[in-house]
Amino acid sequence: MLLEVTEDVTSSASGGPQTMFALLGATTLVLVAGVPWMLPAAAGGTNLKSPQNVEVYIVDDTFILRWDGSSPSVRNVTFSADYQTLENDTWLKLPGCQSIANTKCNFSSLKLNIYEEIKLRIRAEEGNNTSPWHYVDSFTLFGKAQIGPPKVHLEAEDKAIIINITPPGTKGRGMWSLDSSSFTYSLEIWKNSSSGDRRTETVYPRDKIYKLSPETTYCLKVKARLLPRKIGVFSPVYCIKTTVENKLPPPENIQVDAENRIYVLKWDYAYENVTFQAQWLHAYLKKIPGDNSDKWKQIPNCENVRTTQCVFPKNTFRKGIYLIRVRASDGNTTSVWSNEEKFDTQFQITLLPPVIAMKSTNDVSLRVYISATEEPENRAMNHPYPLTYEIVFWENTSNAERKIVDKRTDFTFPKLKPLTAYCVKARALIQDEKWNKSSVFSDTVCEKTKPGNTSKTWLIAGVCAALLSIPVVVYVMKLLCRCIGYVFFPSSKPPSAIDEYFSEQPLRNLLLFTSEEQTERCFIIENTNTIIAIEETHQTDGEHKKYNSQTSQDSGNYSNEDESSESKLSEEFVHQETE
């Protein structure tokens, strides 16, 4: 029972010097009651337990190996560790971790490639007795490394705080030597009098925090981040008080516009009779730690200007991203610099209207082709930032418009009215999360649609109908001409229906009797006004029968040169019939 109490006390005493009193008490107990427990070790020795819960802890350039001790004991137990790389199968002694009496060691002096995999092993030692090795899984120093807190230096202005951040790790060497410019920093800032209202911002190593109040104490803390997964710990809290408000405020609303081959820098300012100065800086320099105040350069034609704008040529800047700042001066009084405005030269190009060509197709459609204006700036811009086009299409006689926004340069408008004029215009757009630029609309182009297949069908049908109607028209005209001839130009001969009975056949045939019943129709013209039709039926028995006669009116326009002889013959025939 006494031994168990001794182990508990000793285990708690190994935690640090503040438990030294408990350690002394435990040692006394061991001296009194531990002799029988030590006898097996004196006789043949006892095996030590391996260290447990071994952990590699790396922050920036500090490498720590930590573990839990072996069985609690008052004996003189130490710990030693070895390392092995994949290129070398030999286990080497880990510097800073040999014969360590504590439960951690610092091996920061180890000079290895931080991206090379290594293995560690550690054991407990007591004289000639050693515990079995405890092996640590392979790892890389960079993979285990955590980002420590950055160092921060602050400078106060009236409505802003300038912050200077030193990246974590050793400058120029160590764990982050290749990533010092890749860190991004986020800070939390709040008024010292109100810890609840905090503002979070992403800042550069040297940056300025705006929109603060004069003569106010602000506190902040910063942490570094290395994408994609490494996030550091916050720095200690730093506090600073802003200065008295400056007499001259800084210019506001800085913007740069492109016009043809020049840039126009504009800003807003409330006071008059002051001069302005503008400077520029490469944006990438803000990511490099350290003071970059001496790297700002003067913008041509933008020094000591008295207007709220200045003009400078485009060749001042090459392709890239820049920062611009402006400040005001009134004699010996100078304002602080304005907010640093970032602009990309590729977005500061004037978007020219596109060129439009329109063509009519046979299926009553219009095809529209769009191309960029032949300008060097546009060709350079089209590659990294594709243009989007807004097309406005309408019928020439109507105000109803159709709008299409697309990245295509070839559009077809189908199912239009045949032989109708349509118009189109377009403009170029750059649509991005941060940018929204557009050109003016192009010139209006109009085109008339073709007749299409429907018109052809009607044309063919019309031709066929015309061809078919020609015989009908000819026949009708012929009839009309005959009618006109009968009315206005009568013939001197009798109609054929009458003339056929006055042919050269002998008249005696009218009185002949045949074996078969014959019926003949005769016409007797009397006084050229009456025609008597007589029908006779001659039978073999010689009987005759008289049929009714019918008078018929004739126009009186027809006569025969043998009229007198025929009249006599008719009278004789009638006389015989009477008898």
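The protein exposes about 36,600 Å² of surface, 51% of which is supplied by carbon and sulfur atoms. The model is a predicted one. Of the 579 residues in the protein, 34% are buried. The secondary structure comprises 8 helices and 36 strands. Among the contacts with a sequence separation of 6 or more, 60% are between residues 24 or more positions apart.

The nonpolar interior was examined next. In soluble globular proteins, nonpolar side chains tend to be buried together. The largest nonpolar core holds 48 residues, and the members that touch the most other members are L65, L94, F107, L120, L141 and M175. Strand β15 gives the most to this core, contributing 5 residues. The surroundings of L120 were listed with residues up to four places away in sequence not counted. On that basis L120 touches V56, L65, D82, Y83, W91, L94, F107, H134, Y135, V136 and F139. A second core, separate from the largest one, has 23 residues. Its members include W267, Y269, F317 and A328.

L120 is placed in sequence within β6, which covers residues 117-126. The loop between β6 and β7 (129-130) contains G127. G127 has a relative accessible area of 71%, and because this value is over 50%, the residue counts as exposed. The C-alpha atom of G127 is separated by 8.0 Å from that of V77, although the two residues are 50 positions apart along the chain.

A search of the whole structure for disulfides finds 4. A disulfide is a covalent bond between the sulfur atoms of two cysteines. When the bonded cysteines of the protein are numbered in sequence order, the pairing reads 1-2, 3-4, 5-6, 7-8. Three of the links are described here.

C219 and C239 are joined with their sulfur atoms 1.9 Å apart. The link is right-handed, with 105° about the S-S bond. C219 belongs to strand β15 (residues 217-226) and C239 to strand β17 (residues 238-241), so the disulfide ties together parts that are 20 residues apart in sequence. The two cysteines of this pair also have their accessibility assigned. C219 has a relative accessible area of 2% and is buried, because this value is under 20%. C239, at 45% relative accessibility, counts as partly exposed.

A disulfide also joins C302 to C310, with an S to S distance of 1.9 Å. For this pair the angle about the S-S bond is 95°, and the link is right-handed. Both C302 and C310 are buried.

The link of C423 to C446 likewise has an S to S distance of 1.9 Å. It is right-handed, with 100° about the S-S bond. The pair links distant parts of the chain, with C423 in strand β31 (residues 421-431) and C446 in strand β33 (residues 445-448), 23 residues apart. C423 is buried, with a relative accessible area of 1%. C446 has a relative accessibility of 39% and counts as partly exposed, because this value lies between the 20% limit for buried residues and the 50% limit for exposed ones.

Two further cysteines were considered. C464 counts as partly exposed, at 40% relative accessibility. C481 is in no disulfide. The cysteine sulfur nearest to that of C481 belongs to C483 and is 9.3 Å away, so the pair falls outside the 2.5 Å limit for a disulfide.

Among the strands, β26, β27 and β30 form an open sheet of 3 strands in the order β26-β27-β30, with antiparallel pairing. The edges are taken by β26 (355-360) and β30 (410-413). Each edge strand has a single partner strand, so one side of each is left without a neighbour in the sheet. Neighbouring strands of this sheet are turned against each other by 20° on average, direction ignored. Strand β27 (residues 366-371) is joined to β30 by 4 bridges, and the two strands run antiparallel. Within this pairing, V368 stands opposite F411 in β30.

Methods:
Residues are numbered from 1 along each chain as its sequence is written. This is a predicted model: local features need pLDDT of at least 70, side-chain atom pairs count only at pLDDT 80 or more; totals for chains, interfaces and linings use all residues. Side-chain values use heavy atoms; hydrogens and water are left out. Buried means under 20% relative accessible area, exposed over 50%, partly exposed in between (1.4 Å probe, protein chains only). A nonpolar core is a set of buried Ala, Val, Leu, Ile, Met, Phe, Trp, Tyr and Cys residues joined through side-chain atoms within 4.5 Å. Contact means heavy atoms within 4.5 Å. Accessible areas come from the Shrake-Rupley method with a 1.4 Å probe; for residues, only the protein chains shown count as cover. Two strands pair if DSSP finds at least two bridges between them. Axes are lines fitted to C-alpha atoms, for helices over the stretch in contact, and angles run from 0 to 180 degrees between N-to-C directions.
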